[in-house]
Amino acid sequence: MTPTATVLLVFGRGVLAGDDGYRLTAESAARTRAAIGYVRAHATEFRRAAGARVVFTGGWPHGPAGAAGPPAGSREGELMLALARAAGLDGYARLHAETRSRTTLQNLAHTVQDGLLAGQVYTPARPLGLVSHPWHLPRIRFLAGKVLGLTGAALLDVPVAGPDPVPARRERAARAASRLCYLGLRTPEALLRRERDLARSAERVAALFRRGPGGFAGRPHG
């Protein structure tokens, strides 16, 4: 019999800004609804479990680098939590939002640093539930092993039904890069430092490609 995860970690998939404010992408809303559906399907277990909780993660994942993020209350984790609360999910479990992250690694690391998974021991009998689209879950599992030290049956996949078009080749490349770039690192702080270093290196390479021969900015042709 498959055990029930009474602690869920829900990964966002973007926030959209418009004239009427900020709203979740359809994919982020689908992930929130998947968490709602899972909790309702296991309502008895959630009501009985000490420490039952659902953590929604995400800040401003698709915002331009350096751009100001949404105001308080409109970040990805907060919008997902509001949708879950409107559906009555706080009647089954405590709801929390992690709102600083922009990447999957940061989702996990900041959730740990903020103490949102503390007070529980995750085992095959009491696993941590991971809520996301199927293509995303293998990379989450790898990074959860790094950040949380959890692998195998101590993690329970809660996959989202419905389309989310991500090129398979791109996701395979992201998983391979994660395995290579984070080799040997085991703490959230070390992993986040490596991610920052990689981002800075990528920015420097991109700047070089934008320049012409000799390292000077190229002139437009015409």
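How many bridges join strand β1 to strand β6, and do the two run parallel or antiparallel? In this predicted model, β1 (residues 7-11) and β6 (residues 128-132) are joined by 4 bridges and run parallel. One of the pairings links V7 to L128, its bridge partner in β6. In general, the strands of a sheet pair through backbone hydrogen bonds, either parallel or antiparallel.

The pairing of β1 with β6 belongs to an open sheet of 5 strands, ordered β5-β4-β1-β6-β7, with parallel pairing. The edges are held by β5 (94-98) and β7 (155-159); each has a single partner strand, so one side of each is left without a neighbour in the sheet. From one strand to the next, the twist averages 20°.

Two helices can be placed against this sheet. Helix α1 packs on the sheet and touches β1, β4 (53-57), β6 and β7. The direction of α1 makes about 165° with that of β1. Helix α3 also packs on the sheet, where its contacts are with β1, β4 and β5. Its direction makes about 160° with that of β5. Strands β1 and β4 thus appear in the contacts of α1 and in those of α3.

The next step is the relation between the two helices. Two packed helices are described by the angle between their axes and the distance between the axes. For α1 (residues 26-41) and α3 (residues 76-86), the axes come within 10 Å and cross at roughly 45°. Because of that angle, α1 is oblique to α3. The crossing of the two helices is right-handed.

Which residues of α1 and α3 meet? On the α1 side they are S28, A29, T32 and I36, and on the α3 side E76, M80, L83 and A84. By class, the residues of this contact divide into 5 nonpolar, 2 polar and 1 charged.

The last part of the picture is the segment before β1, where P3 is found. Is P3 buried or exposed? With a relative accessible area of 28%, P3 falls in between and is partly exposed. Leaving aside residues up to four places away in sequence, P3 touches Y38, P124, A125, P127 and L156. Of these contacts, L156 lies 153 residues from P3 along the chain, while the C-alpha atoms of P3 and L156 are separated by 8.6 Å.

Notes. Residues numbered from 1 in each chain as written. Predicted model: local features only at pLDDT ≥ 70, side-chain atom pairs only at ≥ 80, totals over all residues. Heavy atoms only, no water. Axes fitted to C-alpha atoms, helices over the stretch in contact; angles between N-to-C directions. Parallel < 35°, antiparallel > 145°, perpendicular 65-115°, else oblique. Left-handed = near helix turned anticlockwise from the far one by under 90°. Contact = heavy atoms within 4.5 Å. Nonpolar A, V, L, I, M, F, W, Y, C, P; charged D, E, K, R; others polar. Pairing = 2+ DSSP bridges. Buried < 20%, exposed > 50% of the residue type's maximum accessible area, 1.4 Å probe, protein only.
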